[in-house]
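Here is a short guided tour for anyone who likes to look at a protein before planning work with it. Keep the viewer open as you read.

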Amino acid sequence: MNTYLVSYIHSFANRYYHRKFLFSVANRIGLSSLSYFHYKKTNKAGFKNLIDIGTLSCMDSSKIVIEDLWRQYYRQHRFYILGTGWVKWTYEEKPWGFEGIVIDSEIRADFRTEIAWCRDMRTGYCFNQDTLTADFFDKLEKGADIKVPWELARMYHWPQLALLALWSRGERRPIIDEFIFEVEDFEKIPVGKSIQYTCAMEIAIRAVNLLIAFDIFTQIDEEGQMSVSFKESFIALMWKHREVILNRLEVDLRNGKNGNHYLADLCGLLFLCSYLQGKEAERCLAFARREFFKEIDKQFLEDGSNIECSTAYHRLSSEIVILGLLMIQKSGKRVPKALHKKLIGMYKFLHMIRKPNGRILQIGDNDSGHVVRLNPKGQYVNERELFKYNVNWKNYNDGKNLFFLQEELSVESCIAMFEALFGLTNTADKIAFGFYKSVIGEKTLKISLDDTDFKIQNGEIRDLVPDNFLFRKETVIRFAKKYDFSCKKIIVFEYFGLVIVKLDDFFLAVRSVPEYKKMRLGHVHNDVLHFELSIGENEYFTDPGSYVYTGHREWRDRFRSDKAHNVPIYRNKWVEILDMFSSRAEVAGECFVSENRIIVTAMSKNVTHLRRFTLHCDKLVVEDFSNEDFELRKEADIKDCSLGYGMRTEIKNQRINIMTHITE
């Protein structure tokens, strides 16, 4: 009962921007429960290995990259976190700065660690607060971003290094030694205090990564580097993680719409209570499993898309789901058939938002969130070229010739794990696929991908343009080659509000009006009626994505505004941005499609806008009709985009044959 009381109080505290009194009460109750929990007794229940390491085959190309990251960066405590660059994570290291901002803040000494777990290495700001309070973000210095140290402490690098230790005996001993060092260094942070124990989602993701690494290390530690006392200490740390998550479950009692945070909390519990043994773990596992199934059904709409109103958060939530189901399937429990259709929809949505260049379409916020990063995705870039990817790296130079640039807009690993669950052959990410199979074995879901089809072709569309639409504009985009659209169907994700036309090297995305009443609006952008085009490697009218959240309010607002998107601009906005993570959308609309035509409408207050797309073999004609005057953005007007959280790229004018005709 105590656990649920704490979670309820915290949910209200979260809802009202960390009210100081509510957090104080919740923390007192939660931490008092921790003091009565006897970890040493629980340790005797043990730990069980779930990964069959004999089936984890090595991919030479990935091994080379991980080995290079280990030698060049990880063993020196250099980490790439949300646009920091590969910087050394110490309290003495000089930061490169964020938008020219460098902060000199004091360091609390009562739990000094070797690795600066509580420091934002973009600006240098040190987070010394025990808990988040009502005015926490308001009091932060401009540029300081709590997401940066949170992301560091997710420990993404450890599953990668555990795989390297498995595949490379020569690196095994130093990697295991480093794992012991980092775990013991992190243990210096008081449990339940500091920013690293504030957010249950962050604790859950950290637990998943550490458990995967520990599972592999315990099976290959031939020299006994991990002592009995270290193993007991590690298991105790995992029990503490479980308890803090339970005491700080991120539920939304006011609106009844729990989001990706609560889903991640449950995924963390599924991992923790699958690895840890004992009656308490079994009871917690049963609770997490029941809640997980309910949340999948609530957080994913009928077309398989996610209620966060963001393609990147769809990727994150889908990854949470697929990893949680891994533990459920491993335990021998079945996934309800009622969820199969939504699982197929999640998988198909991931496929459809991939552009010809492999990157995903960015709709709504993107914080580069993952649960695990088993296979480092990216490319080596000459340091002289770094400024093209992030303006904050203008003066970056760490003395190396090449810089490994992580790819933040990939969905291959998540797709691969879905394919392992469905019993398909993988073509996306063989390491992620192999990991999933090493746990799940042959316990795949026997479902057909044909069970769900979101391809809609309505046939001929009637003329929907009213006579009183006095304001009309036409944009013609000509292609360099001809395309055959006659045999292709237009893909519609009705609830998410997305229409896609996709050929091998052609990609058109149109943003229709989502089912906003079913959505959570914390990550929504003012992007109603936005469209963008990709031809081969080139992108046009691209949604800029997200750059930063609490660290810089001006840039936060700029990237989610209507002026950052390819939309008709009115004095009144379709989506009203209220606060950092609060919006209001009072807009309705419809979507109609045929073989070569898409019509989307948006209506709000006294304004009605209709946008009609007609696909010809050699051109795209976009017609805008409205009963009120409006403006259209030009491609050159959008100056910035983000290739991942914390990264800002200045867009150079892209060449495409565009003609705009205005008829009024």
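The report below goes from the whole chain to a few of its parts.

**The chain as a whole**

Please keep in mind that this is a predicted model. The chain is built from 17 helices and 21 strands. It has 664 residues, and 62% of them count as buried. Its accessible surface comes to about 26400 Å², with 47% of that belonging to carbon and sulfur atoms. If we look at contacts with a separation of 6 or more, 73% of them join residues 24 or more positions apart.

**A covered helix**

Let us turn to helix 16, which spans residues 430-440. How many of its 11 residues are buried? Nine are, so the helix is mostly covered. The buried residues include the aromatic side chains Phe-433, Phe-435 and Tyr-436, and also Ile-431, Ala-432, Gly-434, Ser-438, Val-439 and Ile-440.

Which helices help to cover these buried residues? Among them are helix 4 (60-72), helix 7 (157-167) and helix 9 (200-220), along with helix 13 (311-330) and helix 15 (412-422).

Both ends of helix 16 are worth a visit. At the N-terminal end, Asp-429 acts as a cap, with a side-chain oxygen 3.1 Å from the backbone nitrogen of Ile-431. After the helix comes Gly-441, which has a positive phi, near 60°.

**Leu-152 and its surroundings**

Helix 6 covers residues 147-152, and Leu-152 lies in it. Is Leu-152 buried or exposed? With a relative accessible area of 2%, Leu-152 is buried, because the cut-off for that class is under 20%. Leaving aside neighbours within four places in sequence, Leu-152 is in contact with Phe-79, Ile-81, Trp-89, Ile-115, Ala-116 and Trp-117. Another pair to look up is Leu-152 and Glu-202: they are 50 residues apart along the chain, and their C-alpha atoms are separated by 9.9 Å.

**Strands and how they pair**

Further along the chain, five strands make an open sheet with antiparallel pairing, in the order 8-9-10-11-12. Strand 8 (491-493) and strand 12 (538-540) each have a single partner strand, so one side of each is left without a neighbour in the sheet. From one strand to the next, the twist averages 15°.

Within this sheet, Lys-502 has Phe-507 of strand 10 as its bridge partner. Elsewhere, strand 13 and strand 14 form a hairpin with two residues between them. There, Ile-577 has Ser-583 of strand 14 as its bridge partner. The table sets out the two strand pairs.

| Strand | Partner | Sense | Bridges |
|---|---|---|---|
| Strand 9 (residues 498-502) | Strand 10 (residues 506-511) | antiparallel | five bridges |
| Strand 13 (residues 575-579) | Strand 14 (residues 582-585) | antiparallel | four bridges |

**Cysteines**

How many disulfides does the model contain? The count comes to zero, taking a disulfide as a pair of cysteine sulfur atoms within 2.5 Å. Two cysteines can be compared by their cover. Cys-309 counts as buried because its relative accessibility is 1%. Cys-591 has 26% relative accessibility, so it counts as partly exposed.

Definitions and conventions:
Residues numbered from 1 in each chain as written. Predicted model: local features only at pLDDT ≥ 70, side-chain atom pairs only at ≥ 80, totals over all residues. Heavy atoms only, no water. Buried < 20%, exposed > 50% of the residue type's maximum accessible area, 1.4 Å probe, protein only. Contact = heavy atoms within 4.5 Å. Areas by Shrake-Rupley, 256 points an atom, 1.4 Å probe, with all protein chains shown as cover. Pairing = 2+ DSSP bridges. Axes fitted to C-alpha atoms, helices over the stretch in contact; angles between N-to-C directions. Polar contact = N/O pair within 3.5 Å; in protein donor to acceptor, adjacent residues only side chain to side chain.
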